[in-house]
Amino acid sequence: FFKYFENELRERSGYKQYFNPDKDPFYSVYNVGDYTFAPYKCVWREQSSFLTTVVIGGHENRILIPDHKLTLCPFDEEKEAHFVCACLASSPSQFIVKSYSIETAIATHVLNYVRIPKFDRNNTLHLHLSALSQQAHSDVALGKKDNISNIEMEIDMAVAQLWGLSQNELHDIQENLGELV
C-alpha cells in the first residue's frame, strides 16, 4: 500500500527535513515515540480560546493516538492522568495560560508555567482531584452536564489548597479570568 504512494511520501516536507532518504524508509513519520503509545494521555487542543483538557485511554483494547493538533502528556496510570487533567482544567491554570499565551499556540510549554506536583497515589488531595476529573468525564459522557459547574468549583477549591491559594485569591482569579475571555 505505502509503495503505491512512495513518490508522494518522499516529497513530504517533514520527511525531507527530518529524515535521510538514503537510509530512512520513505514512510517514516516524525514526532512519534514511546509517549505516543502510552495507555493514558491528558490532551488539549493546540488552538483554542481556552485550555480544554481531557483524558483519553484505550478503546476496545486499542491505544488511542491523538491528532497532531492535540498536545499530549503520556501516563501509565489513569489516576495520574486525571490528576494532571484536573490541575490544568482549574481556574488558576486557565488564568495563567490565558494571560501569556495566544489562542493558536497552546502547546507543551504550558507545563513550564503551571507547576503541577508529581502525582502521589498516597496523597488524598491528589486522589480527590483525580476522582473529580473522572467524575466530570463520566458526567459529560452520560450527558449529565448540569453537575459540571459544581465539579469545576470543587476542582478550583482543591487546586487552591494544592497551591496554597487563599479563598480570596481564588475568587480574584475566577473573577479576572472572566475578563480575559
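This section describes the fold, the sheet, one helix pair, the cysteines and the salt bridges of a predicted model.

The protein contains 8 helices and 3 strands. Along the sequence these elements follow the pattern α-α-β-β-β-α-α-α-α-α-α. The C-alpha trace spans about 60 × 35 × 30 Å along its principal axes. Of the 181 residues, 35% count as buried. Among the contacts with a separation of 6 or more, 63% are accounted for by residues 24 or more positions apart.

The strands form an open sheet of 3 strands in the order β2-β1-β3, with antiparallel pairing. Strands β2 and β3 (70–75) stand at the edges, and each has a single partner strand, so one side of each is left without a neighbour in the sheet. From one strand to the next, the twist averages 30°. Strands of a sheet pair through backbone hydrogen bonds, in either a parallel or an antiparallel manner. Strand β1 (residues 40–45) and β2 run antiparallel and are joined by 5 bridges. Two positions illustrate how these strands are matched. C42 has V55 in β2 as its bridge partner, and W44 stands opposite T53 in β2. Although β2 stands at an edge of the sheet, 4 of the 5 residues of this strand (residues 53–57) are buried, so β2 is largely enclosed by the rest of the structure. C42, the bridge partner of V55, is likewise buried, with a relative accessible area of 0%.

The packing of helices was examined for α3 and α6. Two packed helices are described by the angle between their axes and the distance between the axes. For helix α3 (residues 78–89) and helix α6 (residues 124–141), the angle is about 85° and the axes are 7 Å apart. Because angles of 65 to 115 degrees count as roughly perpendicular, α3 and α6 are assigned to that class. On the α3 side, the residues in contact are K79, H82, F83, C85, A86 and C87. Their counterparts in α6 are H126, L127, L129, S130, S133, Q134 and H137. C87, one of the α3 residues that meet α6, is buried at 0% relative accessibility.

The cysteines were then considered for bonding. The model has 0 disulfides. C42 is in no disulfide, and the nearest cysteine sulfur, that of C85, is 4.3 Å away. This separation does not meet the criterion, because a disulfide requires the two sulfur atoms to lie within 2.5 Å. For C87, the closest cysteine sulfur is again in C85, at 9.4 Å, which is too far for a bond. C42 and C87 each have 0% relative accessibility and count as buried. C85 is therefore the cysteine with the closest sulfur to C42 and also to C87, and C85 is itself among the α3 residues that meet α6.

Charged side chains were examined last. Side chains of opposite charge can pair when their charged atoms come close. The structure holds 4 salt bridges, including those described here. K3 and E6 meet through their side chains in a salt bridge, with an N to O distance of 2.5 Å. The two partners differ in exposure: K3 is exposed, with a relative accessible area of 59%, whereas E6 is buried, at 15%. E6 also forms a salt bridge with R10, in which the closest N and O atoms are 2.9 Å apart. E6 and R10 lie 4 residues apart in helix α1 (residues 6–10), and are therefore separated by about one helical turn. R10 counts as partly exposed, at 28% relative accessibility. Through shared partners, the salt bridges join K3, E6 and R10 into one network. E6 is the shared partner, being paired with K3 and with R10. A further salt bridge links the side chains of K16 and E11, with an N to O distance of 2.9 Å. E11 counts as exposed, at 52% relative accessibility.

Methods. Residues are numbered from 1 along each chain as its sequence is written. This is a predicted model: local features need pLDDT of at least 70, side-chain atom pairs count only at pLDDT 80 or more; totals for chains, interfaces and linings use all residues. Side-chain values use heavy atoms; hydrogens and water are left out. Buried means under 20% relative accessible area, exposed over 50%, partly exposed in between (1.4 Å probe, protein chains only). Two strands pair if DSSP finds at least two bridges between them. Axes are lines fitted to C-alpha atoms, for helices over the stretch in contact, and angles run from 0 to 180 degrees between N-to-C directions. Angles under 35 degrees count as roughly parallel, over 145 as roughly antiparallel, 65 to 115 as roughly perpendicular and the rest as oblique. Contact means heavy atoms within 4.5 Å.
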